[in-house]
Amino acid sequence: MKAMVLKAANTPFVFEILPDPTPGPNDAVARVLSCGSGLTIQHVKAGRSKALFPRIIGHEITGEIVETGSKVKDLKIGDPVTAYYYLYCSNCHWCQSNLEPLCENNGGNVGKDCDGGYAELIKLPVQNFIKLPPGLDYKKFPAEIGVISDAVATPVKVLKRARVTAGETVAVFGAGGGIGIHMLMLARRAQTRVIAIDIATNKFDACDKAGADEIVDASEAKVSEAILDLTKGKGVDVVIDFVSTALTLETGMAILGRRGRLITLGGHGQKFTADASTMLLKEQELLGSRYVTRREVVDALNLVANGDIWPMVTDIRPWEEAEKLHELLEKGDVTGRAALLIGAERPNLS
Ligand SMILES: [Zn+2]
């Protein structure tokens, strides 16, 4: 198979011919049609997120099963699939409770701790493939379908985890990012008032299109004052923080109203200070959120299949242009998600 290999951190991709992967008894192999390109995998390429090299990165795939291991019963050749990002044991208490992200024997991530989707073929444990529901035109829209498993599923989960209900006000830090944009879409769909907060002014049009009711430019305004103004001093019901620096988290606490929930995921994961007295008086909650369950990927796929939401993939290229695309990702110049077409539109690699 042809593959786009990273030999070391912070080096360009190298196109290589590698042996086709052969599945173990509980593995399957899929032909990759497309693979999403987001900051998570750019962090691996740039060396900010540790991985063993050589490595094939990428996890937001659309593919078709081409081979299954001897013990595989749930998938057959030709099945359209996407990938579940976490490697999990399926036996521990948390896996048995269908909370795979909390697996006590977490094996890492697809495209980081095992080879991922920037290749013609991908081999994964069968439990890491999720069959696409009918109603998704994956052959016509492989890029959009591929990014659902993370960029759409993550915000689907956040709405549940933060118990967001219609009529609430939701503030999103890092709203212009690939997941942030889809968070805005889903919060809007949940009939909330959505306030987008970001410093990337080049993403504000996209935030507007995605459904933000108000946009706060964090590079200009004092965010807490701007939001308290917008909410007449009451603060917001939910803060969703994709940035998670001490500054954003403490600002998030400062704009949180009564019974408010602040949810942190991704980003910098910094330590911050919270005022227990305010938390008590206002009955506030602090929540963490980690990727999604398998079930939440299926829920997200069904939302797209039902026409409730459509992924925002603004830059779709043949995989020969991976290097160029990752330069744009590094500079923050991709709006929504980007994706590479791999088997879907085979470039001339001769
Ligand atoms: Zn487990």
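Just after helix α10, G307 takes a positive phi of about 80°. The model examined here is predicted. Helix α10 itself covers residues 294-305. At 1.5 Å a residue, its twelve residues should span 16 Å. The C-alpha atoms at its ends are 17 Å apart, which agrees with that expectation.

The buried residues of α10 are E296, V297, A300, L301, L303 and V304. They cover an arc of only 155° around the axis, so they lie on the same side of α10. Several elements cover these buried residues. Among them are the strands β5 (80-83) and β9 (129-131). The helices α4 (148-161) and α5 (178-189) are also included.

Past the helix, the chain enters the loop between α10 and β16 (313-318), where I309 lies. I309 has a relative accessible area of 7% and is therefore buried, the cut-off being 20%. Outside the residues up to four places away in sequence, I309 touches V152, H182, M185, L186, L303 and V304. Two of these contacts, L303 and V304, belong to the buried set of α10. The C-alpha atom of I309 is separated by 19 Å from that of K203. Those two residues are 106 residues apart along the chain.

Strand β9, one of the elements over α10, contains F129. The relative accessible area of F129 is 2%, so this residue is buried. Residues up to four places away in sequence aside, its contacts include A28, V29 and A30. F129 also touches I61, I65, L75, V81 and T82. Further contacts of F129 are I122, L124 and R294. D74 is 55 residues from F129 along the chain, with 10.0 Å between their C-alpha atoms.

Strand β4 (residues 61-68) holds E64. This acidic position is buried, because its relative accessibility is 14% and the limit is 20%. Neighbours within four places in sequence are again left aside for its contacts. E64 is in contact with V29, A30 and R31. G78, D79, P80 and V81 also contact E64, as do Y138 and K139. V29, A30 and V81 thus appear in the contacts of both E64 and F129.

Strand β10 (residues 169-173) is largely enclosed by the rest of the structure, because five of its five residues are buried. In a regular strand, side chains alternate between the two faces of the sheet. Both faces of β10 are covered. T169, A171 and F173 are buried on one side. V170 and V172 are buried on the other. Strand β10 runs parallel to strand β11 (residues 193-198), and five bridges join the two. Within this pairing, A171 has I195 of β11 as its bridge partner.

The zinc ion is coordinated by four cysteine sulfur atoms. The donors are the SG atoms of C89, C92, C95 and C103, at 2.3 to 2.4 Å. Angles among the four donor atoms run from 101 to 118°, and the site is tetrahedral. Along the chain, the donors follow the spacing C-x2-C-x2-C-x7-C. C89 and C103 are 14 residues apart and link distant parts of the chain. C89 sits in the loop between β6 (86-87) and α2 (93-96). C103 sits in the loop between α2 and β7 (108-109). With a relative accessibility of 6%, C103 counts as buried.

Some backbone features complete the description. A cis peptide bond joins F53 and P54, with omega at about 0°. P54 is placed in the loop between α1 (39-45) and β4. R163 has a positive phi, near 50°, in a residue other than glycine. R163 is found in the loop between α4 and β10. Its relative accessibility is 44%, so R163 counts as partly exposed. R259 also has a positive phi, of about 60°, although it is not a glycine. R259 is found in strand β14 (residues 256-264). With a relative accessible area of 54%, R259 is exposed.

Notes. Residues numbered from 1 in each chain as written. Predicted model: local features only at pLDDT ≥ 70, side-chain atom pairs only at ≥ 80, totals over all residues. Heavy atoms only, no water. Donors = N, O, S within 2.8 Å, 3.2 Å for Na, K, Ca; no water. Tetrahedral: all angles 85-135°; square planar, octahedral: opposite > 155°, others 65-115°. Helix = DSSP H or I, 4+ residues; strand = E, 2+ residues; numbered from the N terminus. Buried < 20%, exposed > 50% of the residue type's maximum accessible area, 1.4 Å probe, protein only. Expected span 1.5 Å × (residues − 1). Arc of directions from axis to C-beta. Contact = heavy atoms within 4.5 Å. Pairing = 2+ DSSP bridges.
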